Amino acid sequence: MPTTVPLVVKTNEYGPLISPFSDRNKPRYNWYAFKHSYSGELVKKLIDEFNLGRNSWVLDPFCGGGTTLLACKEMGIYSEGFDILPFSVFLSNVKTRNYQPIILRRYLGRFYKKGFLSRKNIDLPDIKIIREAFSPNTKKELLCLKSKIDTIRNPKVRDFYMLGLLSILESVSNTSKSGGFLRIKKKTIINGEVTRQFLLKIEAMINDVGKFINDFKFPDVKVGAKISDSRVLKTKRKFDAIITSPPYPNRHDYTRIYGLELIVGFIKNHDELKKIRYNTLRSHVEAKKQFEANGYKKPRIIDALINKIRKAGLNNSQVPKMIEGYFEDMYLSLLRMKNCLKKNGKIALVVSNVRFGGINVPVDKILADIGEQVGLSTDAIFTARYRGNSAQQMQRFKRNPSRESVLIWRNN
Ligand SMILES: C[S@@+](CC[C@H](N)C(=O)[O-])C[C@H]1O[C@@H](n2cnc3c(N)ncnc32)[C@H](O)[C@@H]1O
């Protein structure tokens, strides 16, 4: 490690803010529970610490559930988000748009009407997870709702209703998002349940819009999300700050975890899904190398860690390659992030260390080092909290939690 990288600074302040738990009852934040989010309060605290004000611009190159964008909008700060998952971009946009409840309500009636629209030409892509996730009756109800949503001409309203549908998929399916995987979990879904849950969700979302109109002090604040790969991201403007959280190298594959949402809303066939999977950051073993990291100097600690992990025994031989690839991809992403920042602009990056074969990989310190390589200055690595390791690892290596940190850089 270079001597410029500071020691880990302990702090308790960020701990409770690092998970989305505190947003579970907050209007708009809770329209869809994106498991890999931090809280809006964390973003607001960082905005205060970075002394951002009206007319400041914030970037999130991994916008996920749209938390950074929504918190910025609440504080009257302009923001732009990017993500490789079409679902994340959609979610970020739908959560942050302005709506009029009266217009949203106009379309409710057609969903209360009994009877199915013709299912001609409408089906879900024939992918194994869909067959496992939905019973024929559930699928039929989902398709009926989807076809009714498709008849809404106003694109903002259509997206709003579509998010309502996507947000109930997990609970009406035989799946459960747990520990970074989409597990199969048998559930009994009675006839009519999908429509009942959908209507409850939409009613709650419309009520939230009403609440937000009062809360939203800055309706004209500019905000939006687009699809882009962080490793080749280019923006028209320079930003005052970046507040984000990249994937962690913990093998979680977002295209599987959010597979149902992607398949129901955004992709036409399995090949399209696989293409996104291969293009995600190499934080899981199925992602493939896409770009050369010219100029990258691999920190020496990486090979030493990989040797130790190999010796400790692995249940997946692709993990060393994944770890190497992850840091190369993060080098490219950090390079792009630096280029998008104004001079003296700040970056806050939430990241977790990981453990393989009982060996701790200090992701935060390695990224601090790589940040320095691209020309950023590390202000601090704040320890936010410690996370337990996977049940599998716990059995073999006992409980040995991994640090989750907030890394702060400055663009000199
Ligand atoms: C930890 S999540 C971000 C969570 C977000 N900050 C929030 O609070 O909701 C990481 C995101 O990185 C995205 N991602 C993965 N590979 C990417 C890439 N190459 N370029 C851009 N985004 C990528 C994933 O789709 C995921 O949404």
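## A hairpin of two strands

Strand 4 (residues 175–178) pairs with strand 5 (residues 181–184) in the antiparallel sense, and 4 bridges hold the pairing. The structure discussed here is a predicted model. Within this pairing, T175 has I184 of strand 5 as its bridge partner.

Together, strand 4 and strand 5 form a hairpin, with 2 residues between them. One residue of the turn is G179, which has a positive phi of about 55°.

## The open sheet

The model also contains an open sheet of 8 strands. The strands of this sheet follow the order 1-11-12-8-7-2-3-6, and their pairing is mixed. Which strands stand at the edges? They are strand 1 (9–10) and strand 6 (223–227). Each of these has a single partner strand, so one side of each is left without a neighbour in the sheet.

Strand 7 (residues 239–244) and strand 8 (residues 341–352) run parallel and are joined by 5 bridges. Across this pairing, I242 stands opposite I347 of strand 8. In a regular strand, side chains alternate between the two faces of the sheet.

## Strand 8 and its surroundings

Helix 15 (residues 363–373) lies across three strands, namely strand 8, strand 11 (376–387) and strand 12 (402–411). With respect to strand 12, helix 15 runs at about 15°.

N344 belongs to strand 8. When its neighbours within four places in sequence are left aside, N344 is in contact with R410 and N411. How far apart in space are N344 and K113? Their C-alpha atoms are 57 Å apart, and the two residues are 231 residues apart in sequence.

## E74 in helix 2

E74 is located in helix 2, which covers residues 67–74. The side chain of E74 is joined to that of Y29 by a polar contact of 2.5 Å.

The chain also brings E74 and P219 to a C-alpha separation of 8.7 Å, although these residues are 145 residues apart along the chain.

## The ligand and its shell

There are 27 residues around the ligand, and those that come nearest are S37, G65, T67, D83 and S230. By class, this shell has 11 nonpolar, 12 polar and 4 charged residues.

Which atoms of the protein lie opposite oxygen or nitrogen atoms of the ligand? For G65, a backbone N or O atom lies 2.7 Å from an oxygen atom of the ligand. For S88, a polar side-chain atom lies 3.4 Å from an oxygen atom of the ligand. For D229, a polar side-chain atom lies 3.2 Å from a nitrogen atom of the ligand. Taken alone, the ligand exposes 610 Å², and the protein buries 99% of that area.

Definitions and conventions
Residues numbered from 1 in each chain as written. Predicted model: local features only at pLDDT ≥ 70, side-chain atom pairs only at ≥ 80, totals over all residues. Heavy atoms only, no water. Near = heavy atom within 4 Å. Polar contact = N/O pair within 3.5 Å; in protein donor to acceptor, adjacent residues only side chain to side chain. Areas by Shrake-Rupley, 256 points an atom, 1.4 Å probe, with all protein chains shown as cover. Nonpolar A, V, L, I, M, F, W, Y, C, P; charged D, E, K, R; others polar. Pairing = 2+ DSSP bridges. Contact = heavy atoms within 4.5 Å. Axes fitted to C-alpha atoms, helices over the stretch in contact; angles between N-to-C directions.
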